[in-house]
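Work through these exercises with the model open. Try each task before you read its solution.

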Amino acid sequence: MAGATPWRRAGNALAALAVGAAAVYAHTFVMDKERLDAPLTAMAAAGAAASTGRFAARLDGVVAARSLRLVTTGTDVETGATTIEESTSIGTRDLFLVATVGATSPKDPTYLPSAWLRTRDGIEYAASDRPGEAFTPRRPAQHGWWTTLTFVFEVPPEAVPGAFVVITAPSTNGIYDTVYPDRYDQLLPEVRLPLTAGDAATRRLLTDVKTSWQLTARR
């Protein structure tokens with residue numbers, strides 16, 4: 001049998017190169033594990049609401065303070081007046097950032113127990129549990145109105161510029177999360193809300209640090 005012609009050999013070589021190039025091109029679309037496990041992030045401008053399929057949230061306000069005054073109130077049974085039952089203070093060598101967040105849900109009530117302050121370098125500070133759940137209650141985001149949530153972060157001042165408040169919806173995997181913690185947390189919806197509207201607002205926040213900021217809970 002006669003050998004392949006030079007034109008046919010050249011055509012075969014070009015075809016092999018094309019297949020190889022296609023394989024390399026397709027490989028660039030294969031996501032690594034970190035990207036596969038990443039949440040679905042919705043973003044919004046400062047003060048605006050970011051919406052996911054399960055909830056929407058907006059940052060309504062943020063205050064920086066050196067200490068927190070935790071006040072528990074009650075009601076006088078005779079007069080009906082509000083009374084102070086207990087008052088304590090907690091301090092920090094860094095800053096307390098008290099973030100007030102509004103949240104709503106398009107359908108089912110959704111609890112939003114987890115929040116982080118994420119710096120521009122990607123460092124994350126989980127919301128502090130030092131104030132206690134009574135002062136930062138986790139009410140569900142409900143359809144039809146905005147629920148007010150309070151998250152407290154304890155961070156160094158240098159973490160504030162360019163930072164975001166990140167809130168993630170909880171997993172709905174039920175018992176699987178008990179058996180395999182964090183294994184099925186892929187593609188959970190989260191919102192990313194700018195802590196301030198820009199550098200000027202950040203400077204004002206850091207200049208106006210309160211000596212003390214009060215959080216109140218009813219007994």
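**Exercise 1. Find what Ser-67 touches beyond four places in sequence, and place its side chain.**

Solution. The model is predicted, so treat each value as computed from it.
- Step 1: Locate the residue. Ser-67 sits in strand S3.
- Step 2: List the contacts. Leaving out residues up to four places away, Ser-67 touches Ile-90, Gly-91, Phe-96, Thr-211, Ser-212 and Trp-213.
- Step 3: Check burial. The cut-off for buried is under 20% relative accessible area. Ser-67 has 17%, so Ser-67 is buried.
- Step 4: Look for a polar partner. A polar atom of the Ser-67 side chain lies 2.8 Å from the backbone oxygen of Thr-211. Thr-211 is also one of the residues in the contact list.

**Exercise 2. Decide whether Thr-52 and Thr-110 are buried or exposed, and give the side-chain polar partner of each.**

Solution. Take Thr-52, then Thr-110.
- Step 1: Thr-52 is in the loop between strand S2 (50-51) and strand S3 (56-75).
- Step 2: Its relative accessibility is 16%, so Thr-52 counts as buried.
- Step 3: A polar atom of the Thr-52 side chain is 3.1 Å from the backbone nitrogen of Arg-54.
- Step 4: Not counting residues up to four places away, Thr-52 touches Ala-42, Pro-189, Glu-190 and Val-191.
- Step 5: Thr-110 is in the loop between strand S4 (82-104) and strand S5 (114-118).
- Step 6: With 6% relative accessibility, Thr-110 counts as buried too.
- Step 7: Here the partner is the backbone oxygen of Asp-108, 3.2 Å from a polar atom of the Thr-110 side chain.
- Step 8: Beyond four places in sequence, Thr-110 touches Arg-54, Ser-105, Pro-140, Ala-141 and Pro-170.
- Step 9: Add a C-alpha distance. Thr-110 and Phe-55 are 55 residues apart along the chain, and their C-alpha atoms are separated by 7.1 Å.

**Exercise 3. Trace the strand pairings of S4, S5, S6, S7 and S8.**

Solution. Go pair by pair.
- Step 1: S4 and S7 run antiparallel, joined by 9 bridges. Ala-103 has Thr-147 in S7 as its bridge partner.
- Step 2: S5 and S8 are antiparallel, over 5 bridges. Arg-118 is bridged to Phe-164 in S8.
- Step 3: S5 also pairs with strand S6 (residues 124-126), antiparallel over 3 bridges. Trp-116 is opposite Ala-126 in S6.
- Step 4: Inspect the turn. S5 and S6 make a hairpin with 5 residues between them, and Gly-122 in that turn has a positive phi of about 90°.

**Exercise 4. Which residues touch the most other members of the largest nonpolar core?**

Solution. Start with the core, then follow Phe-153.
- Step 1: The core has 29 residues; Leu-97, Leu-117, Phe-153, Ile-167, Val-191 and Leu-195 touch the most other members.
- Step 2: Elements giving two or more residues to this core are S3, S4, S5, strand S7 (147-155), strand S8 (164-168) and strand S9 (189-194).
- Step 3: Separate from this is a second core of 9 residues, with Phe-96, Phe-135, Leu-215 and Ala-217 among them.
- Step 4: Return to Phe-153. Its contacts beyond four places in sequence include Leu-95, Leu-97, Trp-116, Leu-117, Tyr-125 and Val-165.
- Step 5: Check S7 as a whole. This strand is mostly covered, with 7 of its 9 residues buried.

**Exercise 5. Which residues of helix H4 are buried, and which are exposed on the other side?**

Solution. Split the helix by face, then add the loop before it.
- Step 1: Ala-201, Thr-202 and Leu-205 are the buried residues of H4.
- Step 2: These residues span an arc of only 100° around the axis, so they lie on the same side of H4.
- Step 3: The other side of H4 has Asp-199, Arg-203, Arg-204 and Thr-207 exposed.
- Step 4: Ask what covers the buried residues. S3 and S4 are among the elements that do so.
- Step 5: Move to Thr-196, in the loop between S9 and helix H4 (199-207). Its relative accessible area is 17%, so Thr-196 is buried.
- Step 6: Outside four places in sequence, Thr-196 contacts Ala-46, Ala-201, Thr-202 and Leu-205.
- Step 7: The side chains of Thr-196 and Thr-202 make a polar contact at 2.7 Å.

Key: Residues numbered from 1 in each chain as written. Predicted model: local features only at pLDDT ≥ 70, side-chain atom pairs only at ≥ 80, totals over all residues. Heavy atoms only, no water. Helix = DSSP H or I, 4+ residues; strand = E, 2+ residues; numbered from the N terminus. Buried < 20%, exposed > 50% of the residue type's maximum accessible area, 1.4 Å probe, protein only. Polar contact = N/O pair within 3.5 Å; in protein donor to acceptor, adjacent residues only side chain to side chain. Contact = heavy atoms within 4.5 Å. Core = buried A, V, L, I, M, F, W, Y, C linked by side-chain atoms within 4.5 Å. Pairing = 2+ DSSP bridges. Arc of directions from axis to C-beta.
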